[in-house]
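Colleague: I would like to take one part of this model and look at it closely, step by step. Could you go through it with me at a pace that suits a first-year student?

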Amino acid sequence: MIVAVGHDLIEISRIRRMLEREGKRAEKLFAPTELDYCARLQDPAPSLAARFAAKEAFQKVWPRPHGWRDVWVQRDRTPGGPFPFAPPVLGFAPDITAELTERGWVAHLTLTHTKEHASAVVILESVNREAP
């Protein structure tokens with residue numbers, strides 16, 4: 001059963017300007033694994049913008065505020081698979097993970113970007129079989 005749907009759309013230029021003006025601010029917004037992944041890309045701004053949108057989209061489905069680095073996007077390597085990385089998923093700080101588990105909720109994520117915009121959708125699903 002779907003508990004909530006969150007969506008966010010951001011202009012990539014906004015993230016690009018932030019990186020140019022206040023590069024250190026990125027360390028407050030993104031987890032080290034996010035920064036490492038995006039730093040390998042020719043242009044990290046679109047992927048960072050999509051991750052920013054994912055954090056915002058998750059905040060829209062979560063019942064209370066959380067820190068920027070309490071939610072992150074991770075892409076695991078898939079050695080031997082058809083693609084070098086698995087689809088993106090959300091990672092969470094321990095307290096969010098515990099509450100998700102306690103409530104029987106799972107968060108699903110999709111990301112996309114164009115030359116100008118990045119977008120993320122988060123669907124919070126109840127997988128608790130006892131719920132009506």
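Is Phe52 buried or exposed, and what is its relative accessible area? Please start from that residue and then describe the helix around it and what that helix touches.

Modeller: Please keep in mind throughout that this is a predicted model. Phe52 is buried, because its relative accessible area is 6% and a residue counts as buried under 20%. The structure holds 4 aromatic pairs, and one of them joins Phe52 to Trp68 in a stacked arrangement, with 4.9 Å from centre to centre and 25° between the planes. This pair links distant parts of the chain, since Phe52 sits in helix α4 while Trp68 belongs to the loop between α4 and β2, 16 residues apart. Unlike the buried Phe52, Trp68 counts as partly exposed, at a relative accessibility of 33%.

Another aromatic pair is formed by Phe58 and Phe92, and this one is tilted, with 5.0 Å between the centres and 45° between the planes. Phe58 lies in helix α4 and Phe92 in strand β3, which covers residues 89-92, so the pair ties together parts that are 34 residues apart in sequence. Both of these residues, Phe58 and Phe92, are buried. They also belong to a cluster, in which ring pairs link Phe58, Trp62, Phe92 and Trp105.

Let us stay with the same helix and turn to a smaller side chain. Ser47 has its place in helix α4 and is buried, with a relative accessible area of 11%. If its neighbours within four places in sequence are left aside, Ser47 is in contact with Cys38, Leu41 and His113. Cys38 leads us to helix α3, which spans residues 32-39 and in which Glu34, Tyr37 and Cys38 are buried. Seen down the axis of α3, these buried residues fall within an arc of 90°, and they therefore line one face of the helix. What they pack against is α4, residues 44-61, together with β2, residues 71-74.

A further neighbour to examine is helix α1, made of residues 12-21, whose axis comes within 9 Å of that of α4 and crosses it at roughly 110°. The two helices, α1 and α4, are therefore roughly perpendicular to each other. On the side of α1, the contact is made by Ile12, Arg14, Ile15, Arg16 and Leu19, while α4 contributes Ala45, Pro46, Leu48, Ala49 and Phe52, so that we meet our starting residue again. Sorted by class, this contact of α1 with α4 has 8 nonpolar residues, no polar ones and 2 charged ones.

Within α1, the residues Ile12, Ile15 and Met18 are buried. Looking down the axis of α1, one finds these buried residues within an arc of 125°, so they line one face of the helix. On the other side of α1, Glu20 and Arg21 are exposed. The buried residues of α1 pack against α4 and also against β1, α2, β4 and β5. Arg17 is likewise found in helix α1, and this residue is partly exposed, with a relative accessible area of 38%. For a sense of distance, the C-alpha atoms of Arg17 and Val71 are separated by 23 Å, and these two residues are 54 residues apart along the chain.

How values were computed: Residues numbered from 1 in each chain as written. Predicted model: local features only at pLDDT ≥ 70, side-chain atom pairs only at ≥ 80, totals over all residues. Heavy atoms only, no water. Buried < 20%, exposed > 50% of the residue type's maximum accessible area, 1.4 Å probe, protein only. Helix = DSSP H or I, 4+ residues; strand = E, 2+ residues; numbered from the N terminus. Arc of directions from axis to C-beta. Contact = heavy atoms within 4.5 Å. Phe/Tyr/Trp six-rings, centres within 6.5 Å; stacked < 30°, edge-to-face > 60°. Axes fitted to C-alpha atoms, helices over the stretch in contact; angles between N-to-C directions. Parallel < 35°, antiparallel > 145°, perpendicular 65-115°, else oblique. Nonpolar A, V, L, I, M, F, W, Y, C, P; charged D, E, K, R; others polar.
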